[in-house]
Each structure stands twice: as structure tokens, then as C-alpha cells.
Amino acid sequence: MAALAAVRRCRVLLHGAVKSSFRGSPSQPRSYSAGRLSVQERIERKRQAALVGGGQKRIDAQHGRGKLTARERVALLLDPDSFVEYDAFVEHRCSDFGMEADHNKFPGDSVVTGQGRINGRLVYVFSQDFTVFGGSLSGAHAQKICKIMDQAMLVGAPVIGLNDSGGARIQEGVESLAGYADIFLRNVMASGVVPQISLIMGPCAGGAVYSPALTDFTFMVKDTSYLFITGPDVVKSVTNEDVTQEELGGAKTHTAVSGVAHKAFENDIDALLNLREFFNFLPLSNKDPSPVTECHDPSDRLVPGLDTLVPLESTKAYDMLDVIHSIVDERDFFEIMPNYAKNIVVGFARMNGRTVGIVGNQPKVASGCLDINSSVKGARFVRFCDAFNVPIITFVDVPGFLPGTAQEYGGIIRHGAKLLYAFAEATVPKITIITRKAYGGAYDVMSSKHLRGDVNYAWPSAEVAVMGAKGAVQIIFRGKNNQADAEAEYVEKFANPFPAAVRGFVDDIVVPSTTRRRICRDLEVLATKKQTNPWKKHANVPLAGKKGRGRR
Amino acid sequence: NGSKWDLNLGLLVHRRVCYLLGSCHVVTTVFPSALFSFLSVQTFDKILIANRGEIACRVMKTCKKMGIKTVAVHSDVDANAVHVKMADEAVCVGPAPTSKSYLNMDAIMNAIRQTGAQAVHPGYGFLSENKEFAKRLAAEGVSFIGPDTHAIQAMGDKIESKLIAKAAKVNTIPGFDGVVKDADEAVRIANEIGYPVMIKASAGGGGKGMRIAWNDEETREGFRFSSQEAASSFGDDRLLIEKFIDNPRHIEIQVLADKHGNALWLNERECSIQRRNQKVVEEAPSTFLDPETRRAMGEQAVSLAKAVNYSSAGTVEFLVDSRKNFYFLEMNTRLQVEHPITECITGLDLVQQMIRIAKGFPLQHTQAEIPINGWAIESRVYAEDPYKSFGLPSIGRLSQYQEPLNLHNVRVDSGIEEGSDISIYYDPMISKLVTYGATRAEALKKMEDALDNYVIRGVTHNIPLLREIIVHPRFISGDISTKFLPEVYPEGFKGHQLTATGRKELLATAASLFVAAQLRAQKFLGDLRVSNTQQERRSWELCVELEKGVHMLGVSRSGATYTVEIDGDKLEVSSDWNLASPLLTVTLNGIHRTLQCLSRNAAGEISLQYLGTTFKLRVLSKLAAALSVHMPEKVPEDTSSILRSPMPGTVVAVSVKAGDTVAEGQEICVIEAMKMQNSMTAAKTAKVRSVHCKPGETVGEGDLLVELE
């Protein structure tokens, strides 16, 4: 219901924009008589018309805004000459408000759809065309998108959406809303079946935002893309807040504050080239294995730098990215949400050519503790990997969950549970390396042996315990005088990997420099892992609620 | 209970020399007497090395060869350092600051007692020329591997050392310091000294008000100006008239003396390439000295050593003018940083000699047995930014590190390894890179290769500068002086300037690398779903940006060889195209080159190290390049001058105050949150404008901590 209300609000917002877009020049004469032209010529003319979308003037305006056209984007995203277009002849069916006029009909309407290849692998693509009615979503527009999504599901291939749309086609009314819902339903049905990626390359407002929100990954282009439920004008009139478009829903907001978007890129070209690179990490569907590419990095490469990486003082920070970069193939790590909840690091990399998902606590930021945002960030990523057969490698250095009223009121309990749930539920190969701290409940959560970790290692610097020495001693020896001695005893007992190793909770204590070699071998062994969860209609992941900073 | 040289080692004489070069590839003639050094010579059981880094490792290597146990001392941050791992025992002598650890005599004396070390090698720097330390060792009956306190003291004092040198008939810079009556007297003094002379007011510091006179006329003029200035500016009539040394070279003589009154000179080292009085590139021998001058310098150095009853290895530094007049500068009573080049050309292991001498053995060689075999060059590889004043220190973690030891005739003295931190506490030297050849040209060529093959990631380093110096025509011709760097780069060092050919080589390599990566991206193993209908591409049209120039290139492939067309020229580029290796070895129209790929991303940006300098390129397909005209220009936001707290916490320490200059990556303050200390570092090298936090204070996320200028 909230979504529908939002759509209504966005109609208000976008009314001006869409109206102005068809007050613009009728780019070229489109009236012709059937009798005077052969069918062949008509086909050719329509095809040509489809290629220029809203006409040269609007293309120039699009370029002037620093944006590429829908077709230019598709051309950059896909392998040369691989794009196969569908529905170039589809036109909108609206006959109100003068929309039936020939000069208001554009072959293909406001979206380009089809399939093609990225580095030889199949992908379905839709690319909204801002030059046609501001990329607004008509019934026909939605129908085109649904068609490629249906086909992607049939053959098992990812769907990439390039979003650049002013919102609903207001002239079409409920047909446009129905179109959104049709897409949402398909987003949900495809979820976990084929990877879905959204790249926001212009406005995306109102109900339209829910499609990207339902996809697996949402990327944005800095300075030229916006995502919000309602724009600054409505915000002003409802809550009296002054906020710019950029502050409200720009790339920076969504990659650093809201966590709605997973990464932002400098401009259209940068974004599309990066998307090609990102695509190479993904399996094509849930029936396909994690892809393996040719790898030049020896799988048995030792990483001597790791032996001295963890500082001797356990309160000192280090950069988990140093660990990740040096272990994965060719230091190539595609980080997801690098600017959000930085106390956890997630992203894709390869081990001996095979795509893996990496999760790591980041001691450099907030000591690597788990809080609401990092739990949700980690959980979503782990669930993607599990859905698409991507093995998960977890680097653990976690002092615990972040205490405090802000966290408790925000619901750290149920948000933390999401990460726990995700790791527990996952049946893909799971390899865990405890680099230093694994304290308290956070130890359990971080892909522990108890949650069906396949291979769990500890570095010699590992400390698996209920809590740090000081806190523990204060509880165990409450009121006693010789706290320092007790602390030393606790450290001696627990600040090392033995308590976990003697119980078999870690499989081995490994020399850090050999970690890469061990992981590569384990992945080879685990490639044939088969594990299923009990039959259920679907599980009941502890979803729920808004995040921490809610008003009281 | 003395230890013995390993006999097996001793019998294979040339292997010792090979060791001197780090790897077994040099065969130098070694005189027969050297053989004796390997036969049962008793020295010490255990030596403590009161130093860190490369020199500690260097000393330990020889100790190991001699079968002597080693003790390392270290600060707490160095607990994982290479020299600690290399030693048989290690003792922590205090916290990171040198005054509390490596200069902490009490702690080091304790370490000696605790480990029972019989002798101490001080390396260079730290306590190496500290007579107090030498005295305390002597008091406890521990041998100091270096000269005795008398020599340290005598040579440590600038004025005293000059007087001793004069008495020992060593050339000192002739001069007069006092009241000069009139211009005629000034001319008389100038003629006594010999032209050119330098005239200035005694009270004026440095080069202030300095005038150079090449004849009587100019002397009179200089006298007039300087005496006026002396009276008016300083109220002190005294003038200094001194021999002016034009285009001075810094050439030093290595000496070796025993406790029995014998002394040798082991030829010279040319150390003229300097910045801010710190040596950068050294070589042995010097291109400038003829045998007579060499002998004269060597004999004077030896006579100075004898004058102070010197024992151990020492170095006598001279300034040499363009007419080969040489003048004593100072004597260093320790092992020099640049000693390896002397070892390369003489075949002697100076550390071994020092240990023997300290035990009281006489010298093994006569002067006639000291050869000059071949040529050796040393480059000091520093963690510093050569684009700023020829080198401002940088710090960081060596995320990747690979020494060029795969090459023959290369020796690398270092005390770090992959993963090591270059910290603010110590000298930012990464290593000493030494190459050797039968001729200077051979050694220089080897140095080019070695620098190209040296992989250093994670810190800024001075390889760009080193690589340029050794190929500069003036350096190659031997036309150098201590002013070389400011003269050759008056505007500051700007990196390698590409020639037309070089530009093409670089463009062709980048384009080929781009294509190789593109092709590899299509290689999915065992994937049946990769298109069979798509034709494998054979040719590409690319657009490459380099230094603001845009170039259209055609690339076609046949196997691992790419043919690149640039402006009508064709370049053939072949390589194994290993995309994981930091080194990129290519053959460009038949010429072998080693480049390094520093980074490469999806957006087509490629950083290549070519001839030492890093060049940033961008490779785009023709389509992407054509469309990039529509992309908006972006002005990068500068957030590097503001440091905000990334989290709520307590300020534990603030390491800077307003007005301080901080280096990029240097710690500014420490914030404790969740009982973890987080070090906040400077994003750029700058002066501190203001500090907004103090220790003990609680800060919130996003609070302003420090502003830089």
C-alpha cells in the first residue's frame, strides 16, 4: 500500500516533467500513408525511427546532461554486434490526452529491450530511453520488460536493467501502475533463480524504485542518478525539510547512508565497463556453477606478508582488505558496498579462477564489530552467494556486537539474527579463517563450525572466547583484588586458538602465509559438496523493521 | 672456545666473493692469501648487533658464514623485523623511538649481559660512533667491533680531526680566518691559497654573502664587499678566505687497519650524487681518479689512520676539485652504508675483516694485493617521493615486494620483506641495490635491469629518480659533482621524459595488455554456455590516452604477438601476458623491456612503470572513446586537508601540533573505540593548520579532529 501511495505522490512530482517532454518538438514527420509506401519501406522507416528514440534534439539534451542514450548504453555494455533487440515495433496504446497522435508514437516506446552477450555469456537487458516521454513507464514499456524477464527465466540467464525513467506514464493511469506491479512480480519470481542487476543512470522515483530494490544488486552513476520515493518538492510540502535531489537520493546518499545502492561509478561509461567486469563474477543462474575463468595466479602461491600482518597488540587495528587482496587471485576484489557499514567487508573475488564471495570483519573500522548495518549488509550478500552456488570465504576478526541504546532500540537483535540466519541456512561451500578475535555471539555468527562451516581455520593469532580478558575477569573474579593476575591467566587460557582447536571447532591452526594454498585446495575438494535443507514452503528469515535511527 | 670458518666454504674461494654479491654469479680473481681467512681462525662465539634493518642483516650474514652466533636487539615495533628473525637470539630494548631503544645504552648493555655476547657490532648510525658506548663496552670486557675510543673521539671532532689531518700531511682546505688589513693583504692571502678562492664574512652563516674570486681583481672587489658587510651586518670584522672548490666531487677512501699498526687503503668510492648531503648513487671505482691521484689519496688516508692508531674499517672522505686537487673532509670511524661496492671490486668481506681485527688478528693482505676488479654501482632505494625535493619520506606497508635477485651480478642488502612496515620511527631506506660488471657500462646496464625488475608496492619509492640518474648522459660520461641533481633538474625532478619512440613503446604495450586482458575475460573454463557463434576477434581499434595526448591505435593479434599500428608505424609486441605477475616482460620490435603493471581497472585505466617512471594511461574501445566526449568533467573534491573522526570514541593521543609538517600516511592522532586503538593518518603531506582535539577528549563520529593546510 505504501508503494501505491508513493506512486501517487510521484505522479504529482513528475507531472511537469512528462508534460513538458511531449510539448517538445515533433522531431521528424511521422505521418505517412500506407498506400504510398510499401511495407518494406514502412519497416525500414519504423526501424530507423526506433533507433533515434525521441529524436536528435532530445538525444542532444541527454548528452548535454552528461548521459548516454539507451542504445549507446546497450552498445557499451554488450559484446560488439551481440545485441538482439526485441519489440522495436511496440508502441504505446494510450489514446487519451492527445497521446494517440502520430507524433506521440515512438516505435519501441520508451525502453530498448533484448538479449546479448557479455564476454560471450548470455544476458537479458532493458535500457530505459529518457528521450521518449522521459523514459516514463507505459503499459507497453512494462510489457517489453516483462517479456525479456520471462525469457531470461526460461533459459536461465541474468537480467540487467539500465534505469533512466521519470516514473509512471501519467496519461495511462492505472495501466502504468499495473505495469510496475507486473515487473515487481517478475523481480520476485526471478529472485534466486537468475541474478538481477539494476544500474540507475538517471532518475528513478516513486514506485519505480521498488524494482531495483528487489534486484540483487543496485549500482548508481554519480551526479546523474537519483533514487527516491518522493522528490524534494513533496518532501518540502509534507515534512518541511529542505533537501536537494542529490542529498535526498543521490549516489553518495545511497552508497554511504541508506545502503540502498551497492556501489557508484563516475559516469555512464565507467559504470557500464565496470558492470561488464562485475558480470564476469556471476553464475548465469541458480542451476549454473560458480564460474571459473583462466587464472594466471598460482594456486599454491605463498603470501609471506600475512605472517606479520596481524599486530602483536590485540587492540591495534589492521586492514582486512590487505588480507583479502593478498589471498585472492591477482589482487582482484570487487567490493560490494565499499562505503556503507565499513566494519564489514563483502565482495567477489576468485580463487584459482573460481568466483567466491568474501566476507570479512574490518578491524580498521569500529574495531570490526557487528552492528545493525553491517549485519544486514553481510546477510544480504551471504544469501546471494548461497542462492547462486558461490562459495563463501569468511575472515573473522570480531570483538562482538556493538553495545548501546542506539543499537538495541534499532533492533540489533533481529538484524543480527539475519546474518546468523544467512550463514546457518547457506549450503554452498563455506570456509572460515579466524585471523584474530572471535568473541561471543559474533563468533557463532561468523560462519562458525556450529553453523555448518565446512572448513574452519584459525591463524596462530586467533582468540576464540566469550569476551575480552578484562571483561571476563571482571565477571569471573568480581570483587577480587588480583585482577591483573586473573587477567593474565585468562589471556594465557583463551587468547589463543587452542580452546577452539582441542574441541574441533577449528579444523586446523594454519600458518597465515599458507592460507591461499589451503583455501584453493579446499575449494577443489568442496566443489562437489551436496547439502540440502529440510523441505519447506519457504523459510521465515527475520526480516522486519526499519533500521536503527528511527524517531521515538 | 673460538668458532671456526667453515672449511668447505673456504676451499671454494670464489664462493665467498659470490656471497658478497648476494648470489653466486660473480667470479672475481681472489688472491691466495684470502684463502687463509677461511682456515681455522678463532674469533668470537657470539656477537650482538646493536642496530636494525639492512645493516643488522648484513652483519649477521657474515657472522653466520663465520659460524658465530648472533644476537639482535629490537624495539617493540620491530619484534617481527627481518633482523630479529635472522638472529639466533633477540632482545627487546624498548619502545619504538630510537632514543628509547636503539640508542638506549642501558638496555643494550643489559642485553649483552643477558645473552653473554662477547662482542658488539654497532653497524652505522645509532651508537656506532659513540665513544661513551665504546667505553662502557670496554669496561665490561666486551669487544667493540670498530676503532678504539681515542680514534672515535679524535675523528668525531671537526676541528681536532682537521688539525690531526694537517699534522699527518693530509691535504686540508687551505684558508685564512681573521682580520684582513686591506685589499693587498687579501690578494696576498688569495695567492698563497691559490685561485679560485671564496671570500665571506666569518660571522655570516652558510653561503650567505659568499663571493668567489678567480683573480686578484675579483679578490679586491670581494674584499671590499665582504668587509663592508662584515662590519655593517655583523659588527665583526673578521673575514674568511678559503680555497673555493668548484664542482666538488665527494670521493672517499676505504681504509682497513689492525691493532698492530698495519693499515691498507681499499680504493675509493665515488659518492657525488647527493641530495641534501645524503648520498643517492655511489660507485667504485671513480671515473675521475687516475692511478697517481688514487695512490696519493690512499696513502694520505692511511697516514691519517695511522696518526690516530686506527684499527678496524674506516672511511676518509675527500672533496676533489675539477683539477683533481683533493682535500680532507672528515673521517667516518665505522662501516659505511656504501661499503658493498668496495667489497665487490676488492673481493674482501669488510665485516669479516672488522671482526678479525677486533679479535686482534693482523691484516691478511698487503697493499699490493688489493685489486680493482670490475665496477660496482650502488643505488639507495628509499621509501620517499622523488618528485618532492628529490625525496620526501613516505611510509606504509610493503604490500608486494620482490627483489631483482633473479638477475646475475646483483646484490640487494635489505632488512625488510613483503608485509614489512616502513614506519616514521626509522630511516626510510628500503635497500641498497648493488650491481656489478666487468666494466662500468656493464654494471650500469645491469642497474637498469635491476631497477626495472624491482617490485615495490605499498609505499612511494625513489626508483624513478635512480633510473633517470644512471642513464643521464652527464652521469654516463662521469661528469658529475655534488651539485649534479640541482644542476640537472633545476626545476625539480619530473620523472622520465618520453621520447617519440618511448611514447610509442608505452602506448603499444598498454594497448596489447588491454587486449590480452579482454581476451582472457572471455575464457571460462568448462562452461558450456559460452557462445559458440561469436567469432574470436582478431583486430581492435583502440583509443589510448597518455599525458593528455589521445592516440588512435589499431591492434591485431597472432598468437601471443600483437601488432600495433600507431601513426603509420608498426610495433610488434610479444610477451607471455601473465596478468597476475607484477612484472611485464615484453619484446617490442625485438627489444626486450621489463615494465611493471601497477594497476589496471575495468574502466581501462592502466598504470605502467616504464623506464622507472609511472605513467597513467587509459585504453578505451573506439566506441567508448567516441562517447566519452559526453561525459561530464568532474572536479575532484579535496577532503585530504580535513581529518574527521570516523567513529565515536576517546582521543588517546595527538601526535601533532599546529605548524608541524606531516607526511602522507603519518599518524596524526589515535582514537580508542571499543578498546581498540585506531590510528588516524594524514591524507597528504602538509602543514598542520589547527588541532581540534586533545587526549582524553570524547569525540563523536564526524567530529573535526585536525585541519591541514
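The dialogue below goes through helix packing, the chain interface, salt bridges and backbone exceptions in a predicted model.

Student: Why are H5(A) and H6(A) called roughly parallel?

Tutor: Look at the angle. Helix H5 (residues 139-155) of chain A and helix H6 (residues 174-190) of chain A cross at roughly 15°. Angles under 35 degrees count as roughly parallel. H5(A) and H6(A) are therefore roughly parallel to each other. Their axes come within 8 Å, and H5(A) passes H6(A) in a left-handed crossing.

Student: Which residues of H5(A) and H6(A) meet?

Tutor: From H5(A), the contact takes in Gly139(A), Ala142(A), Ile145(A), Cys146(A), Met149(A), Asp150(A) and Met153(A). From H6(A) come Glu175(A), Gly179(A), Asp182(A), Ile183(A), Arg186(A), Asn187(A), Met189(A) and Ala190(A). By class, the contact of H5(A) with H6(A) holds 8 nonpolar, 3 polar and 4 charged residues.

Student: What makes H9(B) oblique to H10(B)?

Tutor: Helix H9 (residues 183-193) of chain B and helix H10 (residues 216-234) of chain B pack at about 130°. The roughly perpendicular range is 65 to 115, and roughly antiparallel needs over 145. An angle of about 130° fits neither range, and the rest count as oblique. That makes H9(B) oblique to H10(B). The axes are 9 Å apart, and the crossing of H9(B) past H10(B) is right-handed.

Student: Which residues make that contact?

Tutor: H9(B) supplies Ala183(B), Asp184(B), Ala186(B), Val187(B), Ala190(B) and Asn191(B). H10(B) supplies Asp216(B), Thr219(B), Arg220(B) and Phe223(B). The contact of H9(B) with H10(B) has 5 nonpolar, 2 polar and 3 charged residues.

Student: How do you know that H3(B) and H13(B) are roughly perpendicular?

Tutor: Helix H3 (residues 53-65) of chain B and helix H13 (residues 350-359) of chain B cross at roughly 70°. The range for roughly perpendicular is 65 to 115. H3(B) and H13(B) are therefore roughly perpendicular to each other. Their axes come within 9 Å, and H3(B) passes H13(B) in a right-handed crossing. Arg58(B), Val59(B), Thr62(B) and Cys63(B) of H3(B) meet Leu350(B), Val351(B), Gln352(B) and Ile355(B) of H13(B). Those residues divide into 5 nonpolar, 2 polar and 1 charged.

Student: What makes Glu330(A) and Arg520(B) a salt bridge?

Tutor: Their closest N and O atoms are 2.8 Å apart. The rule asks for a side-chain nitrogen of Lys or Arg within 4 Å of a carboxyl oxygen of Asp or Glu. Glu330(A) and Arg520(B) therefore qualify. Across the interface of chain B and chain A, the rule finds 4 salt bridges.

Student: How many residues are in contact at that interface, and how much area is buried?

Tutor: 48 residues of chain B are in contact with 63 residues of chain A. The two chains bury about 4,400 Å² between them. Of that area, 57% is on carbon and sulfur atoms.

Student: How do you know that Glu185(B) and Arg188(B) meet in a salt bridge?

Tutor: The N to O value for their side chains is 3.6 Å. The cut-off is 4 Å, so the pair counts. Both residues lie in helix H9 of chain B, 3 residues apart, about one turn of the helix. Over all chains, the count comes to 63 salt bridges.

Student: Why is the bond between Tyr195(B) and Pro196(B) worth a remark?

Tutor: Most peptide bonds are trans. The bond joining Tyr195(B) and Pro196(B) is cis, with omega about -5°. Pro196(B) lies in the loop between H9 and strand E7 (197-201) of chain B. Ala284(B) and Pro285(B) are also joined by a cis peptide bond, with omega about -5°. Pro285(B) lies in the loop between strand E12 (278-284) and helix H11 (291-307) of chain B.

Student: What is the phi of Phe126(B), and where does the residue lie?

Tutor: Most residues other than glycine have a negative phi. Phe126(B) has a positive value, near 40°. Its place is in the loop between strand E4 (119-121) and helix H6 (131-139) of chain B.

Key
Residues are numbered from 1 along each chain as its sequence is written. Chains are lettered from A and ligands numbered from 1 in the order in which they are written. This is a predicted model: local features need pLDDT of at least 70, side-chain atom pairs count only at pLDDT 80 or more; totals for chains, interfaces and linings use all residues. Side-chain values use heavy atoms; hydrogens and water are left out. Axes are lines fitted to C-alpha atoms, for helices over the stretch in contact, and angles run from 0 to 180 degrees between N-to-C directions. Helices (H or I, at least four residues) and strands (E, at least two) are DSSP runs, numbered from the N terminus. A crossing is left-handed if the near helix is turned anticlockwise from the far one by less than a right angle, and right-handed if clockwise. Contact means heavy atoms within 4.5 Å. Ala, Val, Leu, Ile, Met, Phe, Trp, Tyr, Cys and Pro count as nonpolar, Asp, Glu, Lys and Arg as charged, and the others, Gly among them, as polar. Buried area is the accessible area (1.4 Å probe) that two parts lose on being put together, summed over both.
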